[in-house]
Amino acid sequence: MRTPIIGGNWKMNTDRASAATLAEGVLGAAALHPGPEVVVFPPFPYLLPVHEVLRRPIIGGRTVHLGAQDVYHAEKGAFTGEVSPLMLRDCGCTWALVGHSERRHVIGEGDDNVNMKLRSAIAAGLSVILCIGETLHQRETGDTNHINERQTRLGLREVSPEQLTRIVIAYEPVWAIGTGKTATPNDAQEAHFHIRRVVADMFGQDAAGRIRIQYGGSMNAANAAALLSMPDIDGGLIGGASLKAEDFGAIIAAAAARR
Ligand code: PEP
């Protein structure tokens with residue numbers, strides 16, 4: 001049984017005070033709905049204040065994990081504006097996102113770059129969510145499975161089976177992110193099933209059965225239960241609906257009910 005994982009990607013939102021308040025709300029929701037693993041991804045400047053909130057003990061000893069929205073592949077040096085995996089760990093992060101669609105399509109990151117970031121973060125001891133997904137044009141031209149396969153294979157290149165245990169894949173169709181349009185549960189399931197087959201081809205059936213694949217793209221309190229009821233959907237990566245503790249809490253509750 002794969003433990004569901006719910007991630008809140010706050011993107012470039014919140015300020016220092018509201019980030020701390022939101023983190024408190026997420027802690028409360030995680031305490032109320034035990035079961036799923038919960039991770040929040042605040043903007044870089046608020047990692048430390050959010051870490052201060054998340055270290056507080058909550059009922060049952062449960063934890064909300066701290067993650068970074070991006071990471072650089074080098075350890076240190078002349079890389080103005082970048083943040084290394086070791087710096088993230090020093091600030092309390094245990095997770096990092098790589099390959100988010102906004103980094104791929106707004107900032108222009110390619111698969112090689114995403115793979116370097118993933119391997120460097122994993123080598124530094126972080127767990128990683130590798131984001132993949134097709135654009136609307138790619139979906140309309142029937143390329144969904146092909147794109148997901150390519151991004152999975154290139155993203156996981158030179159990853160060892162042991163390292164794979166610290167990786168989650170987030171299938172996030174680009175056309176569904178921040179648009180209010182959600183993949184139907186069946187369409188999402190079909191994509192997840194295919195991605196799991198690619199992992200099986202790369203790492204074997206056991207590893208494919210263990211890896212968690214989240215859905216992301218306008219998941220919210222109203223549609224979470226239907227998406228999470230699909231056999232290959234192991235959680236959600238949530239943007240907009242993660243900015244309100246109540247909505248995010250409802251998604252955590254849906255994931256807890258699924259178990
Ligand atoms: C995301 O940022 O990964 C995301 C899925 O955003 P939203 O939930 O707003 O579509």
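This is a working chat about a predicted model.

Trainee: How many strands are in the closed barrel, and in what order do they run?
Mentor: Eight. The closed barrel goes β1-β2-β3-β4-β5-β6-β7-β8, with parallel pairing. From one strand to the next, the twist averages 25°.

Trainee: Does any helix pack there, I mean, which strands does α5 touch?
Mentor: Helix α5, residues 111-123, packs on the sheet and touches β4, β5 and β6. Its direction makes about 165° with that of β5.

Trainee: Let's take β3. Buried or exposed, how do its residues mostly fall?
Mentor: Strand β3 covers residues 64-68, and four of its five residues are buried.

Trainee: How many bridges join β2 to β3?
Mentor: Three, and the two strands run parallel. Strand β2 is residues 37-41. One pair to look at is V38 with its bridge partner V64 in β3.

Trainee: And how many join β3 to β4?
Mentor: Two, again with the strands running parallel. Strand β4 is residues 95-98. There, G67 has W95 as its bridge partner. Between β3 and β4 the chain passes through helix α3, residues 85-90, and this β-α-β crossover is right-handed.

Trainee: What about β6 and β7, how many bridges there?
Mentor: Four, in the parallel sense. Strand β6 is residues 167-171 and strand β7 is residues 212-216. Find V168, then look for R212, its bridge partner in β7.

Trainee: New topic. Where is E134?
Mentor: In the loop between β5 (127-132) and α6 (136-140).

Trainee: Is that side chain out in the open? I mean, why call E134 buried or exposed?
Mentor: E134 counts as buried because its relative accessible area is 0%, and the cut-off for buried is under 20%.

Trainee: What does E134 touch?
Mentor: Leaving out residues up to four places away in sequence, E134 touches R139, T144, I147, N148, Y171, P173, V174 and W175. The side chains of E134 and R139 are joined by a polar contact of 2.8 Å.

Trainee: Last one, α12. How many residues, and how far does it reach?
Mentor: Helix α12, residues 245-258, has 14 residues. From first C-alpha to last it reaches 20 Å, close to the 20 Å expected at 1.5 Å a residue.

Trainee: Which residues of α12 are buried?
Mentor: F248, G249, I251, I252, A254 and A255.

Trainee: What covers them?
Mentor: The cover on the buried residues of α12 includes β1 (5-9), α1 (16-32), β2, α11 (224-228) and β8 (235-238).

Notes:
Residues numbered from 1 in each chain as written. Predicted model: local features only at pLDDT ≥ 70, side-chain atom pairs only at ≥ 80, totals over all residues. Heavy atoms only, no water. Buried < 20%, exposed > 50% of the residue type's maximum accessible area, 1.4 Å probe, protein only. Pairing = 2+ DSSP bridges. Right-handed = clockwise from strand over helix to strand, strands pointing away. Polar contact = N/O pair within 3.5 Å; in protein donor to acceptor, adjacent residues only side chain to side chain. Contact = heavy atoms within 4.5 Å. Axes fitted to C-alpha atoms, helices over the stretch in contact; angles between N-to-C directions. Expected span 1.5 Å × (residues − 1).
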